[in-house]
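I sat down with this model to look up what surrounds its ligands and what lines one of its pockets. Here are my notes, in the order I took them.

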Amino acid sequence: MFEGKTILTGVKPTGTPHLGNYLGAIRPAIQLGKQALATGGKHFMFIADYHAINAEKDPVVLREKLREIACIYLAGGLDPTKSVFYRQSDIPEIPEITTILYAYTPKGLMNKSHAYKAQVDKNRESGKPDDDGINMGLYTYPTLMAADILAYDTDIVPVGKDQVQHVEIARDIAGAINAHYHRELLKQPEYYVDEHVAVVPGVDGRKMSKSYGNVIPLFEDDKTIKKAIFSIKTDSRPMEEPKNPDEILVYEIYKAIATPQQLQEMGDGLRQGKLGYGHIKNMLLDAVINEIKDAREKYNYYMAHFNEVEDMLAQGAEKARPYAKKTLERLKNAVFGNE
Ligand code: ADP
Ligand code: TRP
């Protein structure tokens, strides 16, 4: 379904990515990009740093998060000579496009946005006024995201379920503009949610998330990763007692990373009372380390040579801008009647 298509992936540089992000978002995005590229399509991959400033105001932290996320994508196998790899804030056409989109974005659509509504709900729960801590960047978040997508005539936006609504909003805005001018000024994108990518549980059994503090870290040293894995919740049943693997958290996390054969092995061992919690934690640890070891080396290299990454991002912006410029021109011509 990605043959010859333009795929666009955006990622916010907030929080140090964990194993859940890597398996659930980063690795699949790189793979989809490769699939599109292999069949004559395009892959745009960018770091949404304008989106990040809504929540993060410390430039030192922002810079560090940007470094981390850029290096993680490169470590995960993104090829910046094939994918267009850039930083949102290096493309000045994006905020210009956003301004035009605002004129076609009903306020009611922003009221319904999950990102904003989640904050209102939080405020209500803690007895604060609805708008407490909400800035216009958060409120209009989906319009900037629409510009990110529409600027490149994107066909498909691979996202996690939480971002589906935002892609739909981009579709709606593009549809409204096209309808108004009676032609396809903007390509209406589709979202793609990979149903095979499971939500990875964290060490306490809830969804692995930085906000729950239950993560397995990604590119830390073996000892730190081991500590997280050995903190995964288990019970006090003895090894010999046959267990249903589906009730065991270590097994649930293993599902996200193991081969079918490895999974079978752990499942059988648990069902037959031949594997204890220490064993299965070590199996998970081996699988995690095996999965990340090459990437971790690359990650450390790029973190130590970030000037190389800066050059890649600058070159990426040069490749991305002509597309955004063309879209902006097309929009301005239509809006201001310059045709
Ligand atoms: P967090 O929950 O840690 O704050 P984000 O909300 O920043 O993570 O998610 C970034 C990306 O990683 C999203 O595309 C999201 O769908 C994906 N992701 C986050 N947590 C998981 C998880 N536990 N399993 C699979 N994918 C995840
Ligand atoms: N909102 C996305 C997230 O929080 C990041 C993002 C910004 C994005 N612009 C985008 C994703 C455009 C896809 C397309 O993860």
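**Entry 1: ligand 1.** I began by asking which residues are closest to ligand 1. In this predicted model, 14 residues surround ligand 1, and the closest are His18, Val200, Lys207, Ser209 and Lys210. Next I went through the polar contacts. His18 places a polar side-chain atom 2.7 Å from an oxygen atom of ligand 1. For Lys210, I noted 2.7 Å between an N or O atom of the side chain and a ligand oxygen. Ser209 has a side-chain N or O atom 2.8 Å from an oxygen atom of the ligand. I then looked up the cover: on its own, ligand 1 has 540 Å² of accessible area, and the protein covers 77% of that. By class, I wrote down 5 nonpolar, 6 polar and 3 charged residues for the shell around ligand 1.

**Entry 2: ligand 2.** Which residues make up the surroundings here, I wondered, around ligand 2? My list reads Leu8, Gly10, Lys12, Phe46, Ala48, His51, Tyr141, Met145, Asp148, Ile149, Val157 and Gln163. Sorted by class, this shell holds 7 nonpolar, 3 polar and 2 charged residues. I also checked which elements they come from. Strand E1 (6-11) and helix H8 (141-150) each bring at least two residues to the shell, and H8 gives the most, with 4.

The polar contacts that I noted for ligand 2 involve its nitrogen atoms. Tyr141 has a polar side-chain atom 2.6 Å from a nitrogen atom of the ligand. Asp148 has one 2.7 Å from a ligand nitrogen, and for Gln163 the distance from a side-chain N or O atom to a nitrogen of ligand 2 is 2.9 Å. The protein covers 90% of the 370 Å² of accessible area that ligand 2 has on its own.

**Entry 3: the second largest pocket.** I turned to the second largest pocket, with a volume of about 250 Å³. I counted 15 lining residues in the output, and those nearest the pocket centre are Leu23, His196, Val197, Ala198 and Ala256. Helix H1 (19-38) and helix H11 (249-255) are the elements that give two or more residues to this lining. Which helix gives the most to the lining? I found H1, with 5 residues. The lining divides into 8 nonpolar, 3 polar and 4 charged residues.

Last, I looked up the domains behind this lining. Domain 1 (6-199 + 305-335) and domain 2 (210-299) each contribute at least three residues to the lining of the second largest pocket.

Terms used: Residues are numbered from 1 along each chain as its sequence is written. Chains are lettered from A and ligands numbered from 1 in the order in which they are written. This is a predicted model: local features need pLDDT of at least 70, side-chain atom pairs count only at pLDDT 80 or more; totals for chains, interfaces and linings use all residues. Side-chain values use heavy atoms; hydrogens and water are left out. A residue is near a molecule or strand if one of its heavy atoms lies within 4 Å of it. A polar contact is a pair of N or O atoms within 3.5 Å; within protein, one must be able to donate a hydrogen and the other to accept it, and residues adjacent in sequence count only if both atoms are side-chain atoms. Accessible areas come from the Shrake-Rupley method with a 1.4 Å probe; for residues, only the protein chains shown count as cover. Ala, Val, Leu, Ile, Met, Phe, Trp, Tyr, Cys and Pro count as nonpolar, Asp, Glu, Lys and Arg as charged, and the others, Gly among them, as polar. On a 1 Å grid over the protein atoms alone, a cavity is a set of points where a 1.4 Å probe fits but cannot get out, and a pocket is an open set with protein on both sides within 12 Å along at least five of seven lines; lining residues have an atom within 4 Å of a point. Grid points are joined across faces, edges and corners, and a volume is the space filled by probe spheres set on the points. Domain bounds come from an automatic or database domain assignment.
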